[in-house]
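User: I should like to learn how to read the features of a structure that is new to me. Please take me through them step by step.

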There are 2 protein chains.
Amino acid sequence: MGSTSTTTVPTNAELMEALAAVGAAYFQDFAAAAARHGLSSSQAKALGAVQEPVPMRALAGRLGCDASNVTGIVDRLESLGLANREAAAGDRRVKIVVITDEGREILNRIRGEMSRTHQAFEAMTDEQRVALHSICAQVLPVLAGRTGGVQQ
Amino acid sequence: MGSTSTTTVPTNAELMEALAAVGAAYFQDFAAAAARHGLSSSQAKALGAVQEPVPMRALAGRLGCDASNVTGIVDRLESLGLANREAAAGDRRVKIVVITDEGREILNRIRGEMSRTHQAFEAMTDEQRVALHSICAQVLPVLAGRTGGVQQ
DNA sequence: GGTCAAAGCTTGAGTTACTGAAGCACTCGG
DNA sequence: CCGAGTGCTTCAGTAACTCAAGCTTTGACC
């Protein structure tokens, strides 16, 4: 712990630790807000992933899990009235998940109630916000595996 | 979307979206690396939380879940030989989870194999690393709910 | 046009994660 | 000693997740 207060560049391990801690704390804030509205974190995450209509299979890709798993999650969202399955024009195999108005409202409410996250943002300067946002934007394609340009 | 390339300060919603995307991508990289070693993400997360010996109850706090849940997770880690339960000196109710040498090795291997994350770090400048690390450090106490100073 | 591989979704079996309530073992204050 | 409280486990019960198998539909190939 050599506490030089000058700007020493953090090691990868330190960065990873910091990122993991922030990611975990963010996720807990998210899960807690979702739970207040009777949603599990998986359901809320799925709801956030269908702000645009998305076929089941693509949703599985976004959530990083098996397609068979998505069936159950969407079943529950549907029974809660937060999303619907619609037939795809042109391919009758495909079912497209569409968020309902109520689903969109709950989603917005959840995001608005993530108080720790909002507090964290308020604790940041404008420069920090700009820096964080630009770092995220730059790093996301790499982190999400969309390197090069062979998209899709 | 006025795309002025000058530094416009992102809204809270934009920041939240960016943070969520990066957090999710990081987590998937982590889960994939853990899966390659036969661990679920919960198990790997728990393993990372016991680099220092931790009582069961405190571990539940770190993982943000019920204590009864931790019983099962540690059961599985123990049966894999990655952690052990030890009696606490001074209070025979308490069981302390201690990582084994093998557990530590697997943990290090998992962290080393998070290739997307490492790629992402390599894509950052020193200034960006410093900025990201300092933002995380500043924001974490707020985000994790340790405001004020009632630390315990 | 018929056939067949492949794609998209669901179902079923089986494991893990998670919660809440109840239970046991232990501690600590009276 | 007794009783309240703490720490861990056990027991239902649900959700999340995976893999394999099944069904429908599509599209290519003969």
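User: In which hand does helix 7 of chain A pass helix 7 of chain B?

Analyst: Please note at the outset that this is a predicted model. Helix 7 of chain A makes a left-handed crossing with helix 7 of chain B.

User: At what angle do helix 7 of chain A and helix 7 of chain B pack, and how far apart are their axes?

Analyst: Helix 7 covers residues 126–143 in chain A and residues 126–143 in chain B; the two pack at an angle of about 115°, and their axes are 10 Å apart. Angles of 65 to 115 degrees count as roughly perpendicular. Helix 7 of chain A and helix 7 of chain B are therefore roughly perpendicular to each other.

User: Which residues meet where helix 7 of chain A contacts helix 7 of chain B?

Analyst: From chain A come Gln128(A), Ala131(A), Leu132(A) and Ile135(A), and they meet Gln128(B), Ala131(B), Leu132(B) and Ile135(B) of chain B. Sorted by class, this contact of the two helices holds six nonpolar residues, two polar ones and no charged ones.

User: How can chain A be laid on chain B?

Analyst: In general, two copies of a chain are related by a rotation about an axis and a shift along it. Here a turn of 180° with a shift of 0.0 Å along the axis lays chain A on chain B, with an RMSD of 0.1 Å. That is the relation of a two-fold axis. In chain A, the C-alpha nearest the axis belongs to Gly23(A), at 2.5 Å from it. Both copies use the same surface, since 100% of the contact residues of chain A recur in chain B.

User: How many residues does the contact take from each chain, and which helix of chain A gives the most?

Analyst: The contact takes 44 residues from chain A and 44 residues from chain B. On the side of chain A that touches chain B, helix 1 (12–35), helix 6 (115–122) and helix 7 each supply at least two residues. Helix 7 of chain A gives the most, with 15 residues. By class, this side of chain A has 26 nonpolar, twelve polar and six charged residues.

User: Which residues come nearest to DNA strand C?

Analyst: There are 23 residues around DNA strand C, and those that come nearest are Arg57(A), Ser68(A), Cys65(B), Asp66(B) and Ser68(B). Helix 3 (56–63) and helix 4 (67–79) of chain A, with helix 2 (41–49) and helix 4 (67–79) of chain B, each supply at least two residues of the surface near this strand. Helix 4 of chain B gives the most to that surface, with five residues. By class, the surface near DNA strand C has nine charged, eight polar and six nonpolar residues.

Technical notes
Residues are numbered from 1 along each chain as its sequence is written. Chains are lettered from A and ligands numbered from 1 in the order in which they are written. This is a predicted model: local features need pLDDT of at least 70, side-chain atom pairs count only at pLDDT 80 or more; totals for chains, interfaces and linings use all residues. Axes are lines fitted to C-alpha atoms, for helices over the stretch in contact, and angles run from 0 to 180 degrees between N-to-C directions. Helices (H or I, at least four residues) and strands (E, at least two) are DSSP runs, numbered from the N terminus. Angles under 35 degrees count as roughly parallel, over 145 as roughly antiparallel, 65 to 115 as roughly perpendicular and the rest as oblique. A crossing is left-handed if the near helix is turned anticlockwise from the far one by less than a right angle, and right-handed if clockwise. Two residues are in contact if their C-beta atoms, placed from the backbone, lie within 7 Å. Ala, Val, Leu, Ile, Met, Phe, Trp, Tyr, Cys and Pro count as nonpolar, Asp, Glu, Lys and Arg as charged, and the others, Gly among them, as polar. Copies are superposed by least squares on the C-alpha atoms of residues with pLDDT of at least 70 in both. A residue is near a molecule or strand if its C-beta atom, placed from the backbone, lies within 6 Å of it.
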